Amino acid sequence: MVKKLRTPDVETSNFVDFADMPSMEELLTGITAAKKEFVPGTILEGKIAEKRTDGALIDIGYKAEGFVPAAEFTNWESVSRGDVVSVYLEESENENSMPVLSVHKANAMMAWNRITSECGEGSVVKGLMKHRVKGGIIVDIQGVEAFLPGSQIDVGQVRNMDEYIGNEYDVKILKINTDRRNIVVSRRELLEETMRDIRSKLLGEMKVGDLRMGKVKNIVDFGAFIDLGGVDGLLHITDMSWGRISHPSEMLQVNQEIEVLIRDIDMVKERVSLGYKQKTNNPWNEVDTKYPVGSRVSGTVVNIMPYGAFIELERGVEGLVHVTEMSWTKRITKPTEVVSQGETIEAVVLDIDKENKKISLGLRQLDRNPWEMLLEKHPVGSKVKGKVRNMTSYGAFVEIEDDIDGMIHVSDMSWTRKINNPSELLNAGDEVEAVILDINPEQQRVSLGLKQLENDPWENIEQLYKIGDVVKGKVTKITAFGAFVELSNKIDGLIHISQLSKDHVEKVKDVLNVNDEVEARVIKVDHDERRIGLSIKAVTEQFDEEDLKAAGEEYAAAAALKPEDNMVTLGDLFDAQSK
């Protein structure tokens, strides 16, 4: 048994009981434990020793107190002396021999440990949108800052992230990186999961033919997407109206409330096709009874194209007035010459094609066809007078009445001469008299004739000219193959170069000139070809029937050498001269 010793206390004259003091081993262990309590990087409990205006002194049981700025406390106003707080020991001593403490880092470390231990990847937590950063938003989840990428904020494109700052939303933890101590979260995944549930429920409730209210979510060129309360349906532009629509924005606006008809549901692809015009009856079902062919209708010009104008008779029903149906007499090149956009006009229904949803309209049919009236006023065979308005290579156009022209073809200008160009007889502006040969109201054509004003001299040619007759006339044209002579009754005769003289003639102009008066004998009368052959050399000699027959054969043979020059016409003369 060890006997305890008592030593006197010098100051108090009392004895110190060494039996109550810790052993050396216990002292060493206690010192080690005390040192471990103040290891930098650990979280300690501390008590508010003093609250100042800029911060607080915190006692952690160390030889000195540590100072923590007021900004590190979540609610500085509620902090009081004596409050116990958790602090993070950054350094045991600084240059002032004071421990360096942080309440903010302690809270962050405890929050991080709590999140990583209680909420793993895939967990759903509340997140406060704090501020924007490049590419997304910093979110506070239970005291830990996490990154919310811009693509994970919402299901659609986010145009302004500032609208989300300050709001609290449920977010899903996508990834936790313990090494880099960062967390990535998503709000979009939760929304999509919710929407999937809503879509599945809605699709199960929907039926084809149902009417549902929706909101216009987006407008594109081919239609509009309608939010039906969790399911988007497509309202195609062709299902918006029975009438003409060039773009969906003509009928709809984003966020507009609209009632639509469920036309089709694809459960596999989760697609819904919508209709709007189907809420009303198709107006084309009754167009033939409402707008019978031949009836007069009234409508508004809604569209003008180069080929005509579209007239809206009612919502969804349009008819086309082609440019050719705008005037009886005027040539319309542009519909704007007659109608204008937005104008209300009358028209006549010409044709209806229900299958292809087409109605042909006419404006000129509002008045009586002037060509039919012309036929009544000027029947075929009657004479008319008018002014030559213009000419072409094949004829001349003569104004009969206002905006109605008749054409005199070159073949109807002379009985006896071949007219190659109307300018041989007529000039623009000439007043002429002509005979109406034909009026075609459907094709809007009037045929006129000049030669019909006189009898055809070839009908009595035998009485006028016989083979062997000696005739007189004036030279009108000189060609390489002969000379044209104008006889009585405006009939031309041809003296072939072989019939100018019994001697060989090299050139016609060596013997004859234009306007020369000549005497010649008729040696050929061709009814089929309407030709008269003349001979000068047959006049200078005594010709009997045999001689005349021989001369006619000689004339025919010589003329046959140039078949293209055979016609006894001024037209052939011009051709020959041009050659």
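Biologist: Which residues of helix 3 are buried?

Modeller: An α-helix has 3.6 residues a turn, so residues three or four places apart point the same way. In this predicted model, where local features need pLDDT of at least 70, side-chain atom pairs count only at pLDDT 80 or more and totals for chains, interfaces and linings use all residues, the buried residues of helix 3 (under 20% relative accessible area, 1.4 Å probe, protein chains only) are Leu190, Arg199, Leu202 and Leu203. Residues are numbered from 1 along each chain as its sequence is written, and side-chain values use heavy atoms, with hydrogens and water left out.

Biologist: Which strands do the buried residues of helix 3 pack against?

Modeller: They pack against strand 8 (124-133), strand 11 (168-177), strand 12 (182-186), strand 13 (211-220), strand 16 (257-266) and strand 17; helices (H or I, at least four residues) and strands (E, at least two) are DSSP runs, numbered from the N terminus.

Biologist: How is the buried Lys277 placed with respect to charge?

Modeller: A salt bridge requires a side-chain nitrogen of Lys or Arg within 4 Å of a carboxyl oxygen of Asp or Glu. Lys277 has none, and the nearest side chain of opposite charge, Asp239, is 4.7 Å away, although the backbone oxygen of Thr238 lies 2.8 Å from a polar atom of the Lys277 side chain.

Biologist: Which residues touch the most other members of the largest nonpolar core?

Modeller: In soluble globular proteins, nonpolar side chains tend to be buried together. A nonpolar core is a set of buried Ala, Val, Leu, Ile, Met, Phe, Trp, Tyr and Cys residues joined through side-chain atoms within 4.5 Å; here, among 23 residues, they are Ile495, Leu500, Leu512, Ile532 and Leu534, and strand 31 (517-526) gives the most, with 4 residues.

How values were computed: Buried < 20%, exposed > 50% of the residue type's maximum accessible area, 1.4 Å probe, protein only. Lys, Arg positive; Asp, Glu negative; His and termini not counted. Polar contact = N/O pair within 3.5 Å; in protein donor to acceptor, adjacent residues only side chain to side chain. Contact = heavy atoms within 4.5 Å.
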